[in-house]
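Student: Before we begin, could we go through this structure together, with a reason given for each term that we use?

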Number of protein chains: 2
Amino acid sequence: MKLRGKMLIAQGGGPTAVINQSFVGAVLEAKKNPNITEIYGAIHGVEGIVNEDFIDLTLETEDNLKLLAQTPASALLSTRVKPDRAYCEKMFEVMRHHDVRYFFYIGGNDSSDTVRIVKEFAVDEDYDLVAVHIPKTIDNDLMENDHTPGFGSAARFVVQAMMGVNQDNRALAGVYIGIIMGRHAGFLTAASALARIYEDDGPHLIYCPEIPFHVDQFLSDIKRVYDKHGRCIVAVSEGISDEKGEPIIAQLMDCERDEHGNIQLSGTGALGDELVAEVKEKLGINRVRCDTFGYLQRSFAGIVSDSDAIEAREVGEMAAKYAFDGRTGSVTIKRVGDYAVEYELVDLSMVAAKTKVMANNFFNKDGNDVTKVFIDYCRPLVGTGLPHPGRLRAPMVEKSYQKKFNNKA
Amino acid sequence: MKLRGKMLIAQGGGPTAVINQSFVGAVLEAKKNPNITEIYGAIHGVEGIVNEDFIDLTLETEDNLKLLAQTPASALLSTRVKPDRAYCEKMFEVMRHHDVRYFFYIGGNDSSDTVRIVKEFAVDEDYDLVAVHIPKTIDNDLMENDHTPGFGSAARFVVQAMMGVNQDNRALAGVYIGIIMGRHAGFLTAASALARIYEDDGPHLIYCPEIPFHVDQFLSDIKRVYDKHGRCIVAVSEGISDEKGEPIIAQLMDCERDEHGNIQLSGTGALGDELVAEVKEKLGINRVRCDTFGYLQRSFAGIVSDSDAIEAREVGEMAAKYAFDGRTGSVTIKRVGDYAVEYELVDLSMVAAKTKVMANNFFNKDGNDVTKVFIDYCRPLVGTGLPHPGRLRAPMVEKSYQKKFNNKA
C-alpha cells in the first residue's frame, strides 16, 4: 500500500535559471496524486523547516506555478545553511509533527547530504519517510550525473556573452578577460569555448580551477595570442588556484570567508582587476579590460537552454514519481546516445558531499584550453537556437591613393 | 540631377547591439540606387579612411548583410580616434581621391562632429560631397533625438539582468549593487527601474551621474531600505560624480585616462568593490555583493529590443534616402504619439559634440530614484515580450509545531 501524507519541498544553495522548473515539476506531479494530502513548501530551504515557515502549495494555482517554472532563482527562496546532525534532527522533528511523508530537497551535493541525514533520523525513529534529492547546480559538479540542471542555462549565458565579446573585442582590439563562476569545477568557464565560430574567435585561452594556475604561463600565453591576432580574449574561472589548491584571489587580496571557510569568490571584481594590472604591467599592453560575469550568469531573466529547462522539469517530475513509488534517493541524469537522457535514482550517499570536476580529456595538453571532446559533451546542454554572429566577407579595395603617393599616406 | 559616385560608410565609438542594423539599412538602400557606383566600408572607422582600408561592400551578399544586421558590435570594426581638423583633412583627401560622393558615419556626438568638419573641407574645396551622420549610442545622450539606436537594447539587457537580480536577491538576501554604463548620462542606469513588477522589487535605489553623489546619503538610503525589506538592490552609474563633476571612482583609486583625458570607467570592477567595502564597513551588513555589468551590456549576443532594432535599421535606410536626395545632416529620432517615431534630418551642428543628459523630471526629489515620467518614456524603447517573473501567492501554513511547544522552536 502506498504511503499517504503530506509532501514538503525546499530549495537550497545558489539559484539557477531552471531550479523552479524542478520545483514545479514535482509539485504538479504531486497535485495529481491522491495519496498526497497537502503540499508544503519550506521558505528559505532548511531554515524554513526548522522555523516552520511553510507555504501551502495545495492552494497555489497551476497557471502561477507554470509562470514560476520560467522564472529564474528559487521561488521558495534559498539558504546557505549547511545543516549538521543536530539541525537535521530538528528538521525531522518539525516534519514528523506535520506528518510529512515525502521530503524533496532541490540543491547541490550539500543538499543531498542533508536529505541523507534526515532520512537516517526517520529510519532510526521508525518513521515512514520517503526522501528524494533533486539535483541542481550551475557548477555541474555532482557525481553520478552526466550534467546537472542549471548548468546548461548558465553555460548558454556565458556562450552568448562571449559571442558578443568576440565582436566587441574585434571592433576595439585589446586584451579582454572574462571572469566566470566556478570554485572547484571549470565546466562553466570551459563552456565559453562554444562561442567560437570563426577561426580567430575567442576565447583564445581558458583557465579552470582543475589546472594549477601560473601567472607567468598566463602572461606568456596572452603575449603569444596578442602577437598573432593583435587581440586576446581570455576566460578565467573565479576559482583558479595554485599547485596547493590555494585560490589565486587569496594571494592577491584579503578575502571574505563564509561559515564553511570558503573564500567569497563572486560579487567582486577583484580577481579580474588584479589580472588586468598584471597584463598591463608585465606585457605593456595598453587596452586591457575585464568583466566579471557575476550573478547574471545564474539568474538572468530570459536566457535559458531549452534542453536544460526540459530536463530540470523532468528531474522534478521524476523525483515525485520515484518518491510516490516509495523510493528514497537522488535523481540523476544519464546521457544516452547523442543526445538523449535518462533519469536514474541512485543511493543518496553516491552524490552526497562529493564534488565532480572536469575529466582530464576535456583539457588540452597545455591546460589553457579545452578539447573537442569537451565541446561535443557541452554543445547539446546549452540548447538550440543559439545566435550565429556574422562577419563581412567582401574583398578589400586596392590602395590606389597610397600607391599614387608612393605609400606616403 | 542626382550626384553620381561612390559611397563610403564607417562606424565609430563603442559598439552596440544594433549598430549593424543601421549599417545594413544604409548599404541595402544604396544597392538599389543606380547613382551609387560602388559601396565602400572603412575598416576601424576614421582610421580606415586615412589608412585607405576599404572593403568593397558592392561584393557582399545580401544574405550575409542581413545576418550581420543581427550581429552585435561593429561589423566594420571601430575606433576611439576623435579626429582633429588635420585628420579630417586627410580623410577628405582620401575620399576625394576615390571619388567618394556620399559619406556616412555611424556614431555618437564625436562622430557627428567629424562628419561636420569633413563636409566643411568639401565645401571649401568646392567638391560635391553629401555627408550624413547616423546616430548610435547606448548612452542615449545625443541632442535632438528622443532616444538613440543602441540604447533600447542595452536598456533591455539591464532590465532583464535586474529582473534576475530581483529573484536572486530575494532568494539569498543582502545588499546588491549593480554598476551600469554611463559616463555623463544616467539613462541606462535609470532603465533598471523597468525591472520592477512586485511592490518590493528592486532596484530600490538608483544613482545617476546627473545628481551629485554623496556617500553618506548613499549609505543612509541603503540602511533605510535594508531595515524595511531585509535586502536592498542598488543601480549605480559608473559615472557618478561629486558636486564638482569629478567621478567618484577617481576619488577612490588611480585611474587610467584615454587620449581625451577621460577616465576609464568600464572594464574594471573597482567602483563596485569600493562601494561594497563602504557598505560593509559603515553599515555592518554582512552579505554585500556587486556586479559590474560591463561590456556585456552593449554587445551581448541575443538580447535585442525589437523596437530598437527596427529603428536602427530605419535610421540607416533614412540616412541613405536623405543622402541620395542630396541632403547633408544628422538623422534624428522624434517621438510622435505613444508610441511611434519619425526621422528628421537636422543640421550637423545641432548634434555635433553636444551631450544630452536626463531631464529633471526624470528624477525623484531625493535624486535616488526615477519618476513615472521616465518609466513611461523608457518602456517602449526596451521592446516587446519582456520576461514576466512569477512569485508564489499561496497562504502560509499555521505554525502548529511552535504553538504546541510554546514557541520554543
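Tutor: Let us start with two strands of this predicted model: in chain B, strand β1 (residues 5-11) and strand β2 (residues 36-42) run parallel and are joined by four bridges.

Student: What makes β1 and β2 of chain B a pair?

Tutor: Pairing requires at least two bridges between the strands, and β1(B) and β2(B) are joined by four, so they count as paired. Within β2(B), Ile36(B) is the bridge partner of Gly5(B).

Student: Which helices lie on these strands and their neighbours?

Tutor: Helix α1 (residues 19-31) of chain B lies across β1, β2, β4 (100-107) and β5 (130-135) of that chain, at about 175 degrees to β1(B). Helix α12 (residues 306-324) of chain B packs on the sheet and touches β4, β5, β10 (329-336) and β11 of chain B, with a direction at about 170 degrees to that of β5(B).

Student: Why are β3 and β11 of chain B said to stand at the edges?

Tutor: The open sheet of chain B has seven strands in the order β3-β2-β1-β4-β5-β10-β11, with mixed pairing. Since β3 (54-56) and β11 (340-346) each have a single partner strand, one side of each is left without a neighbour in the sheet.

Student: How do you know that the two chains are related as by a two-fold rotation axis?

Tutor: A turn of 180 degrees, with a shift of 0.0 Å along the axis, lays chain B on chain A with an RMSD of 0.0 Å, and the two copies are therefore related as by a two-fold rotation axis. In chain B, the C-alpha nearest that axis belongs to Gly269(B), 2.1 Å from it.

Conventions:
Residues numbered from 1 in each chain as written. Chains lettered and ligands numbered in written order. Predicted model: local features only at pLDDT ≥ 70, side-chain atom pairs only at ≥ 80, totals over all residues. Least-squares fit on C-alpha atoms with pLDDT ≥ 70 in both. Helix = DSSP H or I, 4+ residues; strand = E, 2+ residues; numbered from the N terminus. Contact = placed C-beta atoms within 7 Å. Axes fitted to C-alpha atoms, helices over the stretch in contact; angles between N-to-C directions.
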